[in-house]
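Dear colleague,

Please find below the structure I am handing over to you, together with its sequence. My notes on side-chain packing and ring contacts follow it.

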Amino acid sequence: MENSTEDYKIQSFDLDTQALLKTALKDPGSVNLEKVSNIIVDQSLKDQVFSKEAGRICYTIVQAEVKQSNGNVFRRNLLNRLQQEFKEREETRSRSLQEWVCIVTFICNIFDYLKVNNMPMVALVHPVYDCLMRLAQPDALMNEEEVDCLVMQLHRIGEQLEKANVQRMDELFFLLRDGFLLQEGLTSMARLLLLEILEFRAGGWMLSSTAHKYYYSEIAD
């Protein structure tokens, strides 16, 4: 199914950049793909809505490049830049919680969309876990924004991440369970989100309709 370029949430860019991205989506060989990957990552760091969408854009460019020339220039540049952001994650978190949440969202989004032979990219499994483990530390659990990000990512990619490495998922959920049971000072919303994700995984990565009504009526209130 072809997406129109309007579906990709690129309206927030200036017109020149929009034109560059539209060309990259259709004719990647004709543009500077390193520049394109940097534009996408830079925007993802400051725009949470875009960071949730960017995986689809990257997927489309990767597919277009493979189809056009069997190339992987864009993917290589994208992964290099992600590696750089991943290495600097603590500095990013100290500087800006919003940027940190955006980079986690973006890395998880890329994990969700970019597949090799329909399997998640092995190179991303541990970095994704490392980001989620950081969100499960006591200081992060005190921030609703980080708890919300953690739960959102686990809803989206938890099941495929567990298939990639169940031991690390167990370790992550030990932290979440201990945080829920033992940590003082959590907000009632953070506690509710943690309980919901504990139940979500225990139910085989789904909630019963009763549980869904309970949690989502509470969150709406």
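Both F200 and W205 are buried. Please bear in mind that the model is predicted. The rings of F200 and W205 form an edge-to-face pair, with 6.0 Å from centre to centre and 80° between the planes. Ring pairs also bring in F173, giving a cluster of F173, F200 and W205. Over the face of F173 lies R201, at 4.9 Å from the ring centre.

L154 makes contact with each member of this cluster: leaving aside residues up to four places away in sequence, L154 touches F173, F200 and W205, as well as L132, M169, L172, L176 and I197. L154 is also among the residues with the most contacts to other members of the largest nonpolar core, alongside I40, F106, L132 and L176. That core has 68 residues. Helix α6 (residues 97-113) supplies its largest share, namely nine residues.

Turning to the aromatic pairs as a whole, there are three of them. One joins F13 and F50, whose ring centres are 5.4 Å apart; because their planes stand at 85°, the pair is edge-to-face. F13 belongs to the segment before α1 (15-26) and F50 to helix α3 (residues 48-69), so this pair ties together parts that are 37 residues apart in sequence. F13 and F50 are both buried.

A further contact between a charge and a ring involves R89, whose charged end sits over the ring of F86, 3.9 Å from its centre.

With kind regards

Definitions and conventions:
Residues numbered from 1 in each chain as written. Predicted model: local features only at pLDDT ≥ 70, side-chain atom pairs only at ≥ 80, totals over all residues. Heavy atoms only, no water. Core = buried A, V, L, I, M, F, W, Y, C linked by side-chain atoms within 4.5 Å. Buried < 20%, exposed > 50% of the residue type's maximum accessible area, 1.4 Å probe, protein only. Helix = DSSP H or I, 4+ residues; strand = E, 2+ residues; numbered from the N terminus. Contact = heavy atoms within 4.5 Å. Phe/Tyr/Trp six-rings, centres within 6.5 Å; stacked < 30°, edge-to-face > 60°. Lys NZ or Arg CZ within 6 Å of the ring centre and 35° of its normal.
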